[in-house]
Amino acid sequence: MKISRRSFLKWCTASAAALGVTKLELDRLESVVLAAETTPPVIWLQGSGCSGCSISLLNSVEGTTVEDLLINKISMKYHHNLMAAAGDMAITSINNTVAQYDGRFVLIVEGAVPTANNGMYCVLGEKDGRPWTMLDAVKQLGPKASYVIAAGTCATYGGVPKLGANPAVIKKLDTEILYGQTKNKIINLPGCPVHPYTLTKTIIDLLLYGMPALDSEGRPTAYYKSSVHSMCPRRGTSGAKQLGEFGCYKSQGCKGPQTYNNCPLRQWNNKVNWCIGAGHHCIACSSKDFLANPIYKFV
Ligand code: SF4
Ligand code: F3S
């Protein structure tokens with residue numbers, strides 16, 4: 001049976017106890033097996049969000065499959081949903097990556113960052129005998145990474161977690177936490193979720209060409225230069241009287257004219273459909289105005 005290096009390593013880690021493999025041996029195995037992998041390594045952190053961007057990424061087939069991306073193109077060192085390791089072993093993987101690659105890694109941040117009570121509303125693990133929060137993690141890793149990507153609307157603008165009273169004092173990554181502290185500008189990829197094509201292609205673009213051209217909100221112009229409305233196949237059709245009917249949803253409050261995303265071209269679920277095609281207006285999921293949308297009213 002053909003098995004990839006990553007699958008092999010995952011299997012070894014999951015089976016460590018049954019196989020009688022010690023942590024030291026696993027660390028050694030990791031360095032030997034992963035040494036053959038391509039660079040750059042990726043550390044993917046998840047803060048306040050719903051993991052939807054990760055789920056969306058796992059559904060990617062356009063441009064490349066997610067297996068191809070994770071196994072052959074990049075080396076994912078930490079992602080707490082996808083990796084087999086947990087606890088100390090998982091945090092050790094972050095520490096090893098930072099030490100071993102000396103700043104040549106990509107940091108992907110999914111979810112917003114709670115800052116109240118020193119960030120204690122989102123704890124990733126333990127470091128030096130103390131809770132290691134998402135706030136600690138982005139502040140420590142962000143300035144060291146070669147590139148930082150804010151994946152999704154929560155990381156980019158705060159998203160749903162930042163709505164309402166916001167008792168955890170949720171903040172967005174770029175202008176409210178790491179502004180001016182990273183080696184390159186933070187690449188913001190809004191969307192709820194971020195479109196998997198946009199994320200995978202941005203990573204591949206980084207590997208091939210370096211920093212992409214960004215607009216004034218830190219979004220790659222290649223994927224956010226056109227409004228949803230400008231690409232909508234319902235432009236010029238008569239107004240629909242209600243959602244679900246065919247026609248333009250402007251009178252139902254469609255946010256397509258002020259929202260920038262490539263969903264009309266890329267669509268979702270591997271081009272099965274998209275919001276307007278499915279009979280609903282655009283709710284501006286990739287815009288900072290998403291917070292002002294009336295369907296999400298919290299107190
Ligand atoms: Fe524009 Fe929305 Fe109408 Fe499409 S449905 S044409 S995005 S206003
Ligand atoms: Fe989001 Fe509007 Fe597209 S809600 S997925 S930007 S149609």
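Here's a quick tour of three spots in this structure: a buried strand, a ligand's surroundings and one cysteine. Keep in mind that the model is predicted. Strand 1, at residues 41-46, is largely enclosed by the rest of the structure, because 6 of its 6 residues are buried. Ligand 2 has no charged residues in its shell, and Cys-192 sits in a loop.

**Strand 1 and its partners**
- Strand 1 is covered on both faces, with Pro-41, Ile-43 and Leu-45 buried on one side, and Val-42, Trp-44 and Gln-46 buried on the other.
- Strand 2 (residues 75-79) runs parallel to strand 1, and 4 bridges join the two.
- Val-42, from strand 1, stands opposite Met-76 in strand 2.
- Strand 3 (residues 106-110) also runs parallel to strand 1, this time with 5 bridges.
- Leu-45 has Val-109 as its bridge partner in strand 3.

**Around ligand 2**
- The shell of ligand 2 is made up of 9 nonpolar and 3 polar residues.
- Cysteines in that shell are Cys-263, Cys-275, Cys-282 and Cys-285.
- Other residues surrounding ligand 2 include Trp-268, Trp-274, Thr-259 and Asn-261.

**Cys-192**
- You'll find Cys-192 in the loop between strand 9 (187-189) and helix 11 (196-209).
- Cys-192 has 37% relative accessibility, so it counts as partly exposed.
- Leaving aside residues up to four places away in sequence, Cys-192 touches Thr-153, Cys-285 and Phe-290; Cys-285 is also one of the residues surrounding ligand 2.
- Cys-53 lies 139 residues from Cys-192 along the chain, yet their C-alpha atoms are separated by 7.2 Å.

How values were computed. Residues numbered from 1 in each chain as written. Chains lettered and ligands numbered in written order. Predicted model: local features only at pLDDT ≥ 70, side-chain atom pairs only at ≥ 80, totals over all residues. Heavy atoms only, no water. Near = heavy atom within 4 Å. Nonpolar A, V, L, I, M, F, W, Y, C, P; charged D, E, K, R; others polar. Buried < 20%, exposed > 50% of the residue type's maximum accessible area, 1.4 Å probe, protein only. Helix = DSSP H or I, 4+ residues; strand = E, 2+ residues; numbered from the N terminus. Pairing = 2+ DSSP bridges. Contact = heavy atoms within 4.5 Å.
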